[in-house]
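Reader: I'd like to practise reading surfaces and pockets on a model. Can you walk me through one?

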Amino acid sequence: MADQYQYNINEEKIVKDSHTKEIDLINRDPKQINEDVVKVEFEDVIAEPDGTHSLDGVWKLSYTTFTVSKYWCYRILSAIFGIPVALLWGFLFACISFCHIWAVVPCIKSCLIESQCVSRIYSLCIQTFCDPFFEALGKIFSSVRVALRKEV
């Protein structure tokens with residue numbers, strides 16, 4: 001009995017659920033899909049040219065306000081809407097996958113099968129009617145010689 005219990009524990013350790021795989025909490029964009037899109041810093045948005053500078057305290061406070069408000073606004077929005085939007089995207093991609101697997105690929109396969117049938121019939125017609133005609137034309141015009149002369 002103890003051996004069977006130990007076997008079940010080891011089996012549970014080996015089997016992993018693919019839906020709850022470990023995710024990297026440090027590098028959250030490993031494929032860098034958002035590298036150029038949403039990486040916006042204060043200097044990318046607000047800049048003062050030479051000769052037109054605000055007070056140093058205002059500039060520092062503006063930088064801090066921008067950075068902190070962007071940080072917390074994103075955190076609050078992702079806390080409120082992150083899970084529902086993830087649910088919607090999961091549903092959307094599940095629907096796309098379902099349609100692709102159960103409708104698009106079978107439709108394409110069906111079209112390929114039908115086109116192969118039509119292709120064989122077309123090939124048979126070409127071989128039956130056109131090939132002899134063009135072979136005869138080739139034999140007729142095979143004795144024609146073309147001479148090219150340059151006149152000065």
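Author: Sure. Start with burial: a residue counts as buried when its relative accessible area is under 20%, and as exposed when that is over 50%. Bear in mind that this is a predicted model. Here, buried residues make up 1% of the 152 residues in the protein chain.

Reader: What is the pattern of the protein chain along the sequence?

Author: It reads α-α-α, with three helices and zero strands. The chain exposes about 15,100 Å², and 66% of that comes from carbon and sulfur atoms.

Reader: Which residues form a nonpolar patch on the surface?

Author: Among them are Val68, Trp72, Ile76, Phe81, Trp89 and Ile96. Together, the members of the patch have about 1,200 Å² of accessible area. Take Trp72, which sits in helix α3, residues 56-140. Trp72 counts as partly exposed because its relative accessibility is 46%, and partly exposed lies between the 20% and 50% cut-offs.

Reader: Now pockets. How do I read those?

Author: Rolling a probe the size of a water molecule over the atoms shows where empty space is left. In this model the largest pocket has a volume of about 930 Å³. Of its 16 lining residues, Arg28, Asp29, Asn34, Val38 and Tyr74 are the closest to its centre. By class, that lining has eight charged, five nonpolar and three polar residues.

Reader: And what lines the second largest pocket?

Author: Tyr74, Leu77, Ser78, Phe81, Gly82, Val85, Ala86 and Trp89 do. The volume of this second largest pocket is about 200 Å³, and its lining has six nonpolar, two polar and no charged residues.

Terms used:
Residues numbered from 1 in each chain as written. Predicted model: local features only at pLDDT ≥ 70, side-chain atom pairs only at ≥ 80, totals over all residues. Heavy atoms only, no water. Patch = residues over 30% accessible without salt bridge, like charges linked within 9 Å, V, L, I, M, F, W, Y side chains within 5 Å. Areas by Shrake-Rupley, 256 points an atom, 1.4 Å probe, with all protein chains shown as cover. Salt bridge = Lys/Arg side-chain N within 4 Å of Asp/Glu carboxyl O. Helix = DSSP H or I, 4+ residues; strand = E, 2+ residues; numbered from the N terminus. Buried < 20%, exposed > 50% of the residue type's maximum accessible area, 1.4 Å probe, protein only. 1 Å grid on protein atoms, 1.4 Å probe; cavity = no way out; pocket = protein on both sides within 12 Å on 5 of 7 lines; lining within 4 Å. Points joined across faces, edges and corners; volume = space filled by probe spheres on them. Nonpolar A, V, L, I, M, F, W, Y, C, P; charged D, E, K, R; others polar.
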